[in-house]
Amino acid sequence: YTGEDTLSLHDALPIYKAVENAQKILTSNQADKTQAAEQLSQAKEKLEKAQSDLSNTKSKLQKTIDKRDSKDKAIEQRDDALRDSWNLAKLKNGWRGMVNLVQNKDPELISLTKDRDRYNEEIKQEMSDVDTAQELVDREQTRYNHQLTIESKFKKSLNERMNAVKTATDAQSKAEQEVSQMKSDLDKAK
C-alpha cells in the first residue's frame, strides 16, 4: 500500500467486470426497448384500423337511417294523400282503389311500409355492428395504452442503465489512470 488514495490492480478488476456487465445489460435493455417500440407501433396500427372500421360502420348505419327516414316521409305523404283525397284513390285505381283504401290495402303504402320495416331491421343489425366495433376500439385503445406504459418503463430503465454504465465507465477510466500512475511510480522507484 502506497499510502495514497489510489486503487490497486486487485480493486480495478471488479470495476472492469462491473462495466462489462453493465454494458451487457444496457445492450439487452436496448433490444427490449426496440421490441416494445415495435409492439407499440403494432398496437397503434390495430387501434387506427379499429377506429376506421367503427367510422365506416357508423357511416353505413347513417345511410340506412337516412333511407328509412325517406321511407317514413314517403309513407306519411302517402297516408296524407289517401286520407285527404278519396278522389285521388278513385282516380288512380277506380272503385277497386276505394275498396283497397277502405280496407287499408293501398299497394304503394304497403310497399313503402315493407321497405321501412326492412330498413328498421337493418338499422338494428348495424347498431349492433357499431357496438361491436366500439368494443374493439376500446380494447385496442387499452392495449395501446398498455404498450405506451411498457415503452415508458423501458425508456426509464434504459436511461438508468445508461447512467450506471457511464458511472462504471468513469470509475474504470479513473482506475485505469490510477493503475497507470502506479506503474509509472513503480518504474521510477526501480
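1. In this predicted model, a network of salt bridges links Arg68, Asp69, Asp72, Arg116 and Asp117. One of the pairs to inspect is aspartate 72 with arginine 116, whose closest N and O atoms are 3.6 Å apart. This pair joins distant parts of the chain, since aspartate 72 belongs to helix α1 and arginine 116 to helix α3, with their positions 44 residues apart in the numbering. Aspartate 72 is partly exposed, because its relative accessible area of 27% falls between the limits of 20% and 50%. Arginine 116 is likewise partly exposed, with a relative accessible area of 22%.

2. Salt bridges should also be examined within single helices, given that a search of the whole structure finds 11 of them. In helix α1, which covers residues 9–84, aspartate 53 and lysine 49 stand four residues apart, about one turn of the helix, and their closest N and O atoms are 2.8 Å apart in a salt bridge. Lysine 49 is exposed, with a relative accessible area of 51%, whereas aspartate 53 counts as partly exposed at 28% relative accessibility.

3. Helix α3 offers a further pair, in which the side chains of glutamate 121 and lysine 124 meet in a salt bridge with an N to O distance of 3.4 Å. These two residues are separated by about one helical turn, because they are three residues apart in helix α3. Lysine 124 is exposed, its relative accessible area being 55%, while glutamate 121 is partly exposed, with a value of 47%.

4. Glutamate 140 deserves a separate look: where does this residue lie, and is it buried or exposed? Glutamate 140 is part of helix α3, which spans residues 107–189, and it counts as buried because its relative accessibility is 6%, under the 20% limit. Leaving aside residues up to four places away in sequence, glutamate 140 touches Lys46, Leu47 and Ala50. Two of these contacts, Leu47 and Ala50, are also listed in the largest nonpolar core.

5. That largest nonpolar core has 12 residues, namely Leu40, Ala43, Leu47, Ala50, Leu54, Leu61, Ile65, Ile123, Val130, Ala133, Val137 and Tyr144. The elements that give two or more residues to this core are α1 and α3, and the largest share, seven residues, comes from α1. Leucine 61, a member of the core, touches Ile123, Glu126, Met127 and Val130 when residues up to four places away in sequence are not counted. Of those contacts, Ile123 and Val130 are themselves listed in the core.

6. On the aromatic side, the count of aromatic pairs comes to zero. A charge does sit over a ring, however: the charged end of arginine 118 is placed over the ring of tyrosine 119, at 4.6 Å from its centre.

7. Finally, the confidence of the prediction should be kept in view when these points are weighed. The mean pLDDT of the chain is 78, and 73% of its residues reach 70 or more. Among the elements of the chain, helix α3 has the highest mean pLDDT, 85, and helix α2, residues 86–102, the lowest, 57. Where pLDDT is low, the predicted coordinates should not be read in detail.

How values were computed
Residues numbered from 1 in each chain as written. Predicted model: local features only at pLDDT ≥ 70, side-chain atom pairs only at ≥ 80, totals over all residues. Heavy atoms only, no water. Buried < 20%, exposed > 50% of the residue type's maximum accessible area, 1.4 Å probe, protein only. Contact = heavy atoms within 4.5 Å. Salt bridge = Lys/Arg side-chain N within 4 Å of Asp/Glu carboxyl O. pLDDT = per-residue confidence, 0-100. Core = buried A, V, L, I, M, F, W, Y, C linked by side-chain atoms within 4.5 Å. Phe/Tyr/Trp six-rings, centres within 6.5 Å; stacked < 30°, edge-to-face > 60°. Lys NZ or Arg CZ within 6 Å of the ring centre and 35° of its normal.
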